[in-house]
Every structure is written in C-alpha cells, then in structure tokens.
Amino acid sequence: MDLDAVTKQSVLHAKPDGLILQYGTAGFRTKAEHLDHVMFRMGLLAVLRSKQTKSAIGVMVTASHNPEEDNGVKLVDPLGEMLAASWEEHATCLANAEEEHLPRVLVDISEKAAVDLHQDAFVVIGRDTRPSSEKLSQSVIDGVTVLGGQFHDYGLLTTPQLHYMVFCRNSKGQYGKATVEGYYQKLSSAFVELTKQAFCSGDDRRTLRVDCANGIGALKLAEMRHYFSQGLSVQLFNDGTKGKLNHLCGADFVKSHQKPPQGIEMRANERCCSFDGDADRIVYYYHDADGQFHLIDGDKIATLISSFLKELLLEIGDGLSLGVVQTAYANGSSTRYLEEVMKVPVYCTKTGVKHLHHKAQEFDIGVYFEANGHGTVLFSKAAETKIKQLAKESEDEKRKAAKMLESIIDLFNQTIGDAISDMLVIEAILALKGLTVQQWDALYTDLPNRQLKVKVADRQGISTTDAERQVVRPPGLQEAINALVKKYRLSRAFVRPSGTEDIVRVYAEADSQENTDSLAYEVSLAVFQLAGGIGERPQRGF
Ligand SMILES: CC(=O)N[C@H]1[C@@H](OP(=O)(O)O)O[C@H](CO)[C@@H](O)[C@@H]1O
Ligand SMILES: [Mg+2]
C-alpha cells in the first residue's frame, strides 16, 4: 500500500470536521455534499475487500428512495450479496477516521482482516441518475486507483444490475454475462420461455403501467422493453424527463402514503406498478370501478410467488423445502394466510435485506420480501440441480413443471431484490394463472396499518430484540406499548430506530383504520415521552 499517495489524494477528498456517519441498513446515506470523502474511502475499502476475497467487489452510488439531494454508497460482496457485517464495521471506522489517522486505519483493517496486499484487486462501479452521482463515483474511482486496484465503471445502472454484474464476474460467467445486454437477454429469454404457453393461447398482448420514480429504472426499462415486447408492453410514467427523483412518486411514496403517485394515468381495474429510485423495489396497485385505491405490496407479491412455486413443487413432487421470510412490517393478514391457508413456514428477521437474504438461504427455495416491495427468491444449488435434471428426464406434467421452475430460476435476480426482474416474474405468473389484479388482491385482506416517524435526541438509545418486535431499552417503553396494544382488537405495534434516517419508526395495525391510527399515535407519544423525543410532540390525526 502506498500510504503516502493515499494521504496526498485524501486531501483532495477531505473529511468535513466532526462529521460521523455509520454504515447502516443500506450503506452510507446522507446529503450528497457530505459524501465525497466517504466515496473515496469506500474506493479504498473495496480494494482491500477485493484483495481479501480474491474476487471482484461492487460499489454502488445511490440513495435509493431518498430525496434527490441525498446520496449514498454501498459495497457489494463477491456473490452479489450485501457486504459482510464485520466489514460494515471497517467501513464505519474508515469513513470516520480523521485525515491524519487514515493510513493507520487502513493498516489496521488489512491486519485484522488478514488481507494479502500482494493480491490483485478488481472493483465494479455503478451509479443512479442523481445529479451528484457522477462526480461521487469519480471519487470512488480515485480511491480504487490510488491503492492500485483495477476497475470497470458501468456508469448508470440499477442497484440490482450492479449486484448481478458482480456475481457474473465472480462465477466466471456461469450466472450470466456481465454486461447490461447480458442482463437483458438472460431475463427476457427466461420470461419469453416461461410465458410461451400463456401467450400462445390467444391472450391479448398485456400492458402494464410503470411509475419509474423519475429514476434509473426508466432508462433501463426503456432499453430493455423491446427484448420482451412480444409478451408484455410496458408504458413508462415518471421517466425522469420532467419530474424530480422520488418526488411524490415511486414505490416508497406509494407504500407509505397508500395512494397513487403523481404523474401516472390510471384506468379502472388496470394494473400499475411503481419502482423506487434505484429500481430494487416494486409495488403494484389499481383503482377499482368506484375509484378506490388498492395497494398490492411486497407481502402480497410474496404470497403470489409462493403459491405459484408451491404448486409447481407439488407437481414435481420432489420434497424440496419452501420457506417465506418476512420482517415485522409484514401485514399480519399475510403471515396468517401464508401459514394457515397455504401451510408454508414463515420466518421473521430484522429489517434490511441482508437479514432476509441470509435466512432465505436456509431453504431449497427461499422466498423473501419486505412489505415495501424489496425481495426475491433464492434457489439452493441442490434445488437447481434437481430441477434441471427433472426438466430433462421426467415426463409430461412433471417435466413441464420442472421446465417452468428452470425458467423461473433464471428470471429471478438471485443476488438481491430487483424491480425489473420481479415485475417480469409477477407478469408471467398472472398470465399463466389467468389471474386479474383484483383476483390477486383478493387472496387476503390487509389489516389496516400505519407507519409513523418520531424524532428523538439519540435513536440509538432504543434497542430491540425478537426480530425488532420487542423493545429492551429504554426501560418501561415495551410495557407502555403492551398496555396500548391491549386496548384494540387484532392489534400489534412495535418501534425501532431506522437504519437509514435519523428517526424512530412506529408501526401499528388493528381491526379498523381509525383504531390503527389511534394506536400508532399513542405509541408515538410513548416513544416521544420515554425515549427522549425532540421537536414537535406527535399529533393525533393524519
Ligand atoms: C420500514 C422500512 O420500509 N424500512 C426500510 C428502510 O430501512 P430503515 O432501517 O427502516 O430506515 O430502508 C431499507 C433500505 O432500503 C429497507 O431495507 C427497509 O425495509
Ligand atoms: Mg432502493
């Protein structure tokens, strides 16, 4: 390591005094103007991680659904998954080191993680469409090059595309070709193969309206759509030509406000969906004939996908295990439906896809989705081998089911939740099953739910257990929540510090929207009073 060169370069990417940031649920995220030093340092860290793992490492510059003025960065590990937890700590140390300590921190990390410094390093970089992203990704490149790493800058990519590229490179092309073209081809041919039957049967060409949150998803979907246009026609809205990124649109807006985005023309009973700003989340929705809005969130997406997979697994009859992973934000009705009606095992993990992803790896087929629409399906190596074998050897119905599963394996982005890939999976399932959006929605009825945010002086003062469903600290808060929950029917509430915003999140559900809103308000007040609330007290009414 040429530490002198690092010190010299680092001066050009100086850390603002007193700024402390933490590698959170989705990497570093804050106002773009505070991130230059973090980007440079994540370039350095990616080189060390690459040397240690002897693999290509990804760096994605994005702040997903955050406002356009924000930005962020996260590292992607060799198999396309989120950075290992022990390296998140290294990332936090490195980002917060004062200039003069930078060389020592780099040496410390290399020693602690037993990095072989003679090893070559390769880093792949992608960025979203934020105005600040191009310059910030150049700072990542400065960090990579000063430590002698090689890199490939893919420029504009969705987050899941970058994850895909990393895995392709490290699997020596087995997972697919590490190009945007390769991604389009892999997914589109799986989609076309899977839906052949549905579309041969004289079905109309299907159309779907897509709100692209004025983000990268619009660019990539516009490039990709002619690859699958025989089967599906997508109409793009909020494509970034006019509106601001994530402003009054996108998956996060639709899910948290439970209303349609601006800028989309909806027609009664027609399917619409929204991506988030970096296209790793998707939610569906429609207006019924009375103009009432219906949201189909990640939980219902997981249910549709699981029931389709379960049917195919029954057909091939090979005893492969299927599990569904959710977080505490999953609607209680979805969990009940999955467990009691569909009889599939459901597990709850902490918020953040890395937790869901790891749990899902324990099954032959692991379906994971956050309620906000971030999720995918993982197939174990053993399941994949078995399915491929059955697709070749078995006969008739069994073979047909195995072949469908084979295409589904290719259609999912198994590295991370992917709005484009999930959209194609959902469209394929709806077409094959001949389901309308209303029929899908009617699988179960969501319990009314509400999410609120409370500002506190130090959100780390709240700690939780039991997959974030119970508060341990501060004392008395859980007891207060328990007492409030008892007042309502079918009720549930929990609070946790956000990993991406400086707030505490409150979640409540109950038998009616009115009761849910009361419960959410009362729990917010308890947080405000018992956990050091600052600013305005929570107010009743929304
Ligand atoms: C309730 C909620 O939707 N939380 C989101 C949000 O995390 P928080 O830690 O809650 O801020 O951003 C994460 C990253 O995108 C996402 O994984 C997670 O689901
Ligand atoms: Mg996102």
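This short presentation covers one metal site and two sheets of the structure shown above. Please keep in mind throughout that this is a predicted model.

I begin with the metal. Which residues coordinate the magnesium ion, ligand 2? The donors are S64 through OG, and D276, D278 and D280, each through OD, at 2.0 to 2.2 Å. Along the sequence, these donor residues follow the spacing S-x211-D-x1-D-x1-D. S64 sits in the loop between β2 (56–61) and β3 (70–76), and D278 in the loop between β8 (272–275) and β9 (282–287), so this pair ties together parts that lie 214 residues apart in sequence. Are S64 and D278 buried or exposed? Both S64 and D278 are buried.

I turn next to the sheet that contains β8 and β9. This is an open sheet of five strands, ordered β7-β6-β8-β9-β10, and its pairing is mixed. At its edges stand β7 (232–237) and β10 (293–296); each has a single partner strand, so one side of each is left without a neighbour in the sheet. On average, neighbouring strands here are turned by 30° against each other, direction ignored.

Within this sheet, β6, which comprises residues 206–211, pairs with β7 in the parallel sense over six bridges. For T207, the bridge partner in β7 is S233. Helix α8, residues 216–224, packs on the sheet and touches β6, β7 and β8. The direction of α8 makes about 150° with that of β7.

The second sheet is also open. In what order do its four strands run? The order is β12-β11-β13-β14, with mixed pairing. Here β12 (346–349) and β14 (375–379) are the edge strands, and each has a single partner strand, so one side of each is left without a neighbour in the sheet. From one strand to the next, the twist averages 20°.

Inside this sheet, which strand pairs with β11 in the parallel sense over four bridges? The partner is β13, residues 365–369, while β11 itself covers residues 322–327. In this region, V325 stands opposite Y368 in β13. A helix accompanies this sheet as well: α11, residues 332–341, lies across β11 and β12 and runs at about 165° to β11.

To close, I return to the metal site. The magnesium ion has S64, D276, D278 and D280 as its coordinating residues, and the loop that holds D278 lies between β8 and β9. Those two strands are neighbours in the order of the five-stranded sheet.

Technical notes:
Residues numbered from 1 in each chain as written. Chains lettered and ligands numbered in written order. Predicted model: local features only at pLDDT ≥ 70, side-chain atom pairs only at ≥ 80, totals over all residues. Heavy atoms only, no water. Donors = N, O, S within 2.8 Å, 3.2 Å for Na, K, Ca; no water. Buried < 20%, exposed > 50% of the residue type's maximum accessible area, 1.4 Å probe, protein only. Pairing = 2+ DSSP bridges. Axes fitted to C-alpha atoms, helices over the stretch in contact; angles between N-to-C directions. Contact = heavy atoms within 4.5 Å.
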